[in-house]
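Me: I am new to this structure. Please take a close look at one part of it, starting from a single pair of residues, and then place that part within the whole chain.

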Amino acid sequence: MMTTAGWIALGITVFGAFSYATASILQAVAARRSSGTVETMRHPLYLLGILCDMLAWIGAIVALRELAVYVVESILAGSLAITVVAARIVLKSRLRGRDVTAVIVSVAALTVLAMSAGPQHDVVATTALRWSICAAALAMAVLGWSAARAAPAGVIAAMGGLCLGGAAMTGRALPHAPMDIVTDPLTAALLTFAVTGMLMYAHALGKGEVGPVTAIHWTAEVVAPSAVALLLLGDRVRTGWEIPAAAAVVVTIAAAVMLARAPASEAAAGEPLALECPLTPSIEAPPLPVLARAGIPVVAHRAGATGERIIWWGPPPIWRPPARPRPASQPAGRL
């Protein structure tokens with residue numbers, strides 16, 4: 001059975017899932033109430049959403065001291081279910097029958113995961129493990145920089161998920177003493193994983209659709225790092241719960257994939273404006289923000305006779321048709 005500290009860590013993780021979902025809704029509302037990128041990012045609701053993101057991330061790192069990586073990451077992936085329900089209530093978005101089923105299944109699977117979590121022992125990171133994790137973080141940063149130029153959105157989303165999962169795995173191996181955390185090279189690896197993962201997720205949103213990108217991202221973030229933590233960090237499953245835990249992880253991922261493509265999820269991520277008129281290719285893509293885990297996505301449209309790709313951050317610009325010239329024979333003052 002889990003210890004009292006384990007139950008507290010589980011509560012912190014659930015709070016983190018609610019925080020991520022709350023951040024998505026707050027930032028979506030801020031985007032709808034603003035008329036431009038700068039105004040959106042200055043909006044109090046958007047800033048409050050960033051605070052919720054940060055609280056969720058810090059809470060996850062704290063929870064990893066007592067819980068296995070697969071438990072924490074799966075519960076955070078369950079934030080999609082909360083986002084879908086909240087988007088239906090707050091944003092009045094459409095909720096399909098399959099979305100309701102996926103939400104119910106997610107809650108059941110996460111309950112099984114919570115019951116399967118046994119007491120975890122402290123990870124004693126050897127020198128070889130420390131430098132291996134640091135090397136992996138540096139390698140992912142370099143590969144991510146290279147992939148961002150030419151790789152498709154799915155590959156970039158998967159690499160971003162691996163990086164954020166790597167950050168969770170690194171957090172599991174951090175020492176407990178505050179001064180040791182400051183001086184440990186694993187701290188630098190954790191920050192490298194986290195920043196790279198958030199940047200790559202934002203970049204993937206700029207190249208692909210919100211639903212598929214989010215589904216791939218969460219799948220990569222849950223599966224691979226959880227497997228590595230079970231094999232190398234000694235994460236344990238409660239005795240006799242190995243099969244139910246594995247099945248619950250699979251079900252959670254499947255539900256997250258379905259919910260990521262739900263209309264409510266896309267509404268919470270920011271709905272792009274459908275433009276049918278041609279645009280000039282003079283709009284340039286601004287730099288991607290660092291904090292982009294659950295905020296306003298980079299929206300991309302293909303428009304114009306030449307098929308140019310126009311990318312912007314935040315609410316799309318309003319297209320206005322050019323004024324038609326008045327015929328030379330038409331008297332002034334008449335329409």
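Reply: R172 and D235 are both buried. The model they belong to is a predicted one. Between the two side chains there is a salt bridge, with the closest N and O atoms 2.8 Å apart. The bridge links distant parts of the chain, since R172 sits in helix α8 and D235 in the loop between α11 and α12 (242-260), 63 residues apart. Side chains of opposite charge can pair when their charged atoms come close.

On the α11 side of that loop, G234 follows the helix and has a positive phi, near 80°. Helix α11 itself covers residues 210-232, and its 23 residues should span 33 Å at 1.5 Å a residue; the end C-alpha atoms are 33 Å apart, so expectation and model agree.

Back in helix α8, which runs over residues 153-173, T170 is another residue to look at. T170 counts as buried because its relative accessibility is 0%, and buried means under 20%. Leaving aside residues up to four places away in sequence, T170 touches I133, L186, A189, L190 and F193.

One of these contacts, I133, leads to helix α7, where I133 is listed among the buried residues together with L129, C134, A137, M140, G144 and A147. The cover over the buried residues of α7 includes α8 and also α10 (185-207). Helix α7 takes in residues 127-150; at 1.5 Å a residue its 24 residues should span 34 Å, and the end C-alpha atoms lie 35 Å apart, which agrees.

Helix α7 also takes part in a salt bridge, in which the side chains of R130 and D184 meet at 2.9 Å, N to O. R130 lies in α7 and D184 in the loop between α9 (178-183) and α10, so this pair ties together parts that are 54 residues apart in sequence. The two partners differ in cover: R130 has a relative accessible area of 21% and is therefore partly exposed, while D184, at 8%, is buried.

The count of salt bridges comes to 3. One of them joins the side chains of D99 and R96, again at 2.9 Å from N to O. Both D99 and R96 are buried.

Now for the whole. The protein chain holds 13 helices and 2 strands. Of its 335 residues, 49% count as buried. Among contacts between residues at least 6 apart in sequence, 80% join residues at least 24 apart. The surface has a nonpolar patch made of F15, L48, L51 and L55, with about 360 Å² of accessible area together. Helix α3 (residues 44-63) gives the most to this patch, 3 residues, whereas F15 has its place in helix α1 (residues 4-32).

A word on confidence: the mean pLDDT of the chain is 78, with 79% of residues at 70 or more. Residues 271-322 stay under 50, although the model has 105 contacts for them beyond four places in sequence. Residues 330-335 also stay under 50, with 3 such contacts.

Technical notes:
Residues numbered from 1 in each chain as written. Heavy atoms only, no water. Helix = DSSP H or I, 4+ residues; strand = E, 2+ residues; numbered from the N terminus. Buried < 20%, exposed > 50% of the residue type's maximum accessible area, 1.4 Å probe, protein only. Contact = heavy atoms within 4.5 Å. Patch = residues over 30% accessible without salt bridge, like charges linked within 9 Å, V, L, I, M, F, W, Y side chains within 5 Å. Areas by Shrake-Rupley, 256 points an atom, 1.4 Å probe, with all protein chains shown as cover. Salt bridge = Lys/Arg side-chain N within 4 Å of Asp/Glu carboxyl O. pLDDT = per-residue confidence, 0-100. Expected span 1.5 Å × (residues − 1).
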